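Biologist: I should like to learn how to read a model of this kind, one feature at a time. Could we begin with a helix and then turn to the sheets?

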Amino acid sequence: MALDNQTRKSLYETMTRIRAFEERVRKEFAGGKLPGFVHLYAGQEAVAAGVCASLRPTDYIISNHRGHGHCIAKGVDTKGMMAELFGRATGTCKGKGGSMHIADVDKGMLGANGIVGAGFPLACGAGFTAKVKGTDQVSVCFFGDGSTNQGTFHESVNLAAIWKLPVIFVCENNGYAEATPVGYAVGVPDLATRAVAYGIPGVIVDGMNVIAVHEAAGKAVARARAGEGPTLMECKTYRYYGHFEGDGQSYKTKEEVQRYRDRDPLRVFRGQAEKAGWISSAELDAIDAKAAAEIQEAVAYAESSPQPRLEDTFTDVYVSY
Amino acid sequence: MATPNVSMAKAINDAICQEMRRDPTVILLGEDVAGGAGLTHLKGEDAWGGPLGVTKGIGAEFGPGRVWDTPISESAFVGTAIGAAATGLRPIVELMFVDFLGVCFDQIYNQGAKMRYMFGGRARVPLVIRTMIGGGLGAAAQHSGCLYSLFTHFPGLKTVVPSTPYDAKGLLISSIRDDDLVIFFEHKAMYGMTGAVPDEPYTVPLGKAEVKRQGSDATAVGIAKTAHTCLEAAELLEKEGISLEVIDLRSLSPMDEETILTSVAKTQRFVAVDEANPRCGMAADLAALVATKAFDRLVAPIRMVTAPHTPVPFSPVLEQFYLPSAEKVVEAVRSIVKK
């Protein structure tokens, strides 16, 4: 089904906002302003944008350590996100979670996660709630190729399959689990084929193409909403930067990086949009400028935000104790 | 109305049923909590009702929409329960034996326990994990542990260990109604223990220990079965003219420090009794509490009566030797009370 131009515009807008956010985080991290670790999403924007455009605000997503893009695509406010990365009291998680645990439950974003593979059962849980309560909400689990070797992947896909949970398992195969190539760590050429073992559909998607991701996600989400159970999507994509910022990335070759840069999801989409007349160059430029301004504002907000108070250490452990 | 001679297992079953009737978001899940899932010849009856029959009949009453048999897949279903709790249900999930913790610990301590904190207080995980503890049944090293101290270590978890049918029902109802993640430990050698249990729902507050017996010469704190071990020891010691105060801890986290310290201030002697291994365990934790907060009230060294630093042996002879006994508690108390 052909997309309307408004949806196309919004897909580009989401990708652009994620890219702008990540490039800025990279810069701020290099400048020593961000504590801890950051894992950047640049290069993979088409996946978060394409999948989340198929979701409703009431649907849930679960992310992983590379979670900024998923947050933005699900509607989490970038000012709060940036403040969280800066460790400030105004952050999405009051500065207690940071990049690896950023979450906004009210937006259906159930958290980035510092443990590889830990999101699968939690995503099943959100789907389980929807099923038990009889709502038509769905739950999306975003994960990397590396986590498909964790037991939680196999346990959770099986559980979702036998209970027909409304869960969409979205694998972002970016070629590397940390510094280990997927071809070394996985015994099958396509991770999507692992779906066969659990009796659910597995689809391979060009993860650099936001339209393709959006289309595949639309089918998987519709299937989940209809009570027909989970789908495994393997989005073949690439991360432009290291596993974490500071990673020397000697495992990548220049040629490989260039090959993917040539297929940059934002640039390819932009070219397509201009050529087909979906969105004018002026409109695309305006989206770029608006995203840049938004991220500039987010950094200003974060930098001017107060540090958490020491007594905040003790709150939010329990509801009551 | 209270019914006399209700077993601990029945008291737990009652608590679950009554809470499930009260609140449609209370969901039961675990391995064979009903049993025989999907088999039509059972006509809706459960095949097992839990491995030891504790949840018998619940599946038949509430049906498969409220009672979910899971595959043997603890990470998946415990994590599912955590995710479900964070999104609007109040699940009760059964981790059959606490020794199975090793196959799903990440979901409990890294996910469920930390979610609220990591999210800046914007999530709650109203979940109860029921799990069996304890030796005495010849179940050997991988089905007999008392691993509650591991959970008690973690901020974000509450840990509860009942020692009577009355407390089991009241504490479980409190746990189900609590908005935090509660691990509820059931000593499997105590399921058959009977006592008077009110028919109506009631709560026993979390975080409150109970003085089971007043005494003046020493204070003994026990957990689950060892609360009874302490009471037996108190009977034996009374014949020697030694008066032992016995406290049942009931909640390990939060812990009722006040009741313990008040008692120690009175008796000036302290014995911690625990069926678990001694290192970094509850007995050591209790000893540290008394040493750091009541040292100036003590007139004798603190004693610990625990299992030894070994796995639980299979042989009934060895297992009996392994478990704390009233005699061992008597000996420990005698060593610090000179009469």
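Biologist: Which residues of α1(B) are buried?

Modeller: This is a predicted model, and burial is judged by counting neighbours: a residue is buried if 20 or more other C-beta atoms lie within 10 Å of its own. In α1(B), the residues that meet this criterion are B:M8, B:A9, B:K10, B:A11, B:I12, B:N13, B:D14, B:A15, B:I16, B:E19 and B:M20. The helix is thus mostly covered, with 11 of its 15 residues buried. From its first C-alpha to its last, α1(B) reaches 21 Å, close to the 21 Å expected at 1.5 Å a residue.

Biologist: In what order do the strands of the open sheet of chain B lie?

Modeller: The general idea is that strands of a sheet pair through backbone hydrogen bonds, either parallel or antiparallel. Here, 7 strands of chain B form an open sheet in the order β3-β2-β4-β5-β7-β6-β12, and the pairing is mixed. At the edges stand β3 (67-69) and β12 (251-253) of chain B; each has a single partner strand, so one side of each is left without a neighbour in the sheet. From one strand to the next, the twist averages 20°. Helix α1 (residues 8-22) of chain B packs on this sheet, where it touches β2 (26-30), β4 (90-97) and β7 (181-187) of chain B. The direction of α1(B) makes about 135° with that of β2(B).

Biologist: In which sense do β6(B) and β12(B) pair?

Modeller: Strand β6 of chain B, residues 157-160, pairs with β12(B) in the antiparallel sense, over 2 bridges. Within this pair, B:T159 stands opposite B:S253.

Biologist: How should a residue in a loop be read, and where is B:G50 found?

Modeller: One may ask where the residue lies, how many neighbours surround it and what it touches. B:G50 is found in the loop between β2 and α2 (58-62) of chain B. The count of other C-beta atoms within 10 Å of B:G50 is 25, which means that this residue is buried. Leaving aside residues up to four places away in sequence, B:G50 touches B:D32, B:V33, B:T55, B:K56 and B:E94. B:G50 and B:G30 are 20 residues apart in sequence, and their C-alpha atoms are 8.3 Å apart in space.

Biologist: Which residues of α8(B) are buried, and against which elements do they pack?

Modeller: Helix α8 of chain B (residues 225-238) has 14 residues and spans 20 Å from first C-alpha to last, close to the 20 Å expected at 1.5 Å a residue. Its buried residues are B:K225, B:T226, B:A227, B:T229, B:C230, B:A233, B:A234 and B:L237. They pack against β7, β9 (210-213), β10 (218-222), β11 (244-248), β13 (270-274) and α12 (326-336) of chain B.

Biologist: Let us move to chain A. How many strands form its open sheet, and is the pairing parallel or antiparallel?

Modeller: The open sheet of chain A has 5 strands in the order β1-β2-β3-β7-β6, and the pairing is parallel. Its edge strands, β1 (60-62) and β6 (202-206) of chain A, each pair on one side only. Between β6(A) and β7 (residues 231-236) of chain A there are 5 bridges, and A:V203 stands opposite A:M233.

Biologist: Which way do the residues of β2(A) point?

Modeller: In a regular strand the side chains alternate between the two faces of the sheet. In β2(A), A:S139, A:C141 and A:F143 point one way, while A:V140, A:F142 and A:G144 point the other way. Because 6 of the 6 residues of β2(A) are buried, the strand is largely enclosed by the rest of the structure. With β1(A), β2(A) pairs in the parallel sense over 3 bridges, and A:I61 stands opposite A:V140. With β3(A), which runs parallel to β2(A), there are 6 bridges; the bridge partner of A:G144 there is A:E172. Together, β2(A), α6(A) and β3(A) make a right-handed β-α-β unit.

Biologist: How many residues of each chain are in contact with the other?

Modeller: The contact involves 36 residues of chain A and 35 residues of chain B. On the side of chain A, the elements that give two or more residues are α5 (119-133) and α6 (151-162). The largest share, 10 residues, comes from α5(A). By character, the residues on this side of chain A divide into 20 nonpolar, 11 polar and 5 charged.

How values were computed: Residues numbered from 1 in each chain as written. Chains lettered and ligands numbered in written order. Predicted model: local features only at pLDDT ≥ 70, side-chain atom pairs only at ≥ 80, totals over all residues. Pairing = 2+ DSSP bridges. Helix = DSSP H or I, 4+ residues; strand = E, 2+ residues; numbered from the N terminus. Axes fitted to C-alpha atoms, helices over the stretch in contact; angles between N-to-C directions. Contact = placed C-beta atoms within 7 Å. Buried ≥ 20, exposed ≤ 12 C-beta atoms within 10 Å, placed from the backbone. Expected span 1.5 Å × (residues − 1). Nonpolar A, V, L, I, M, F, W, Y, C, P; charged D, E, K, R; others polar. Right-handed = clockwise from strand over helix to strand, strands pointing away.
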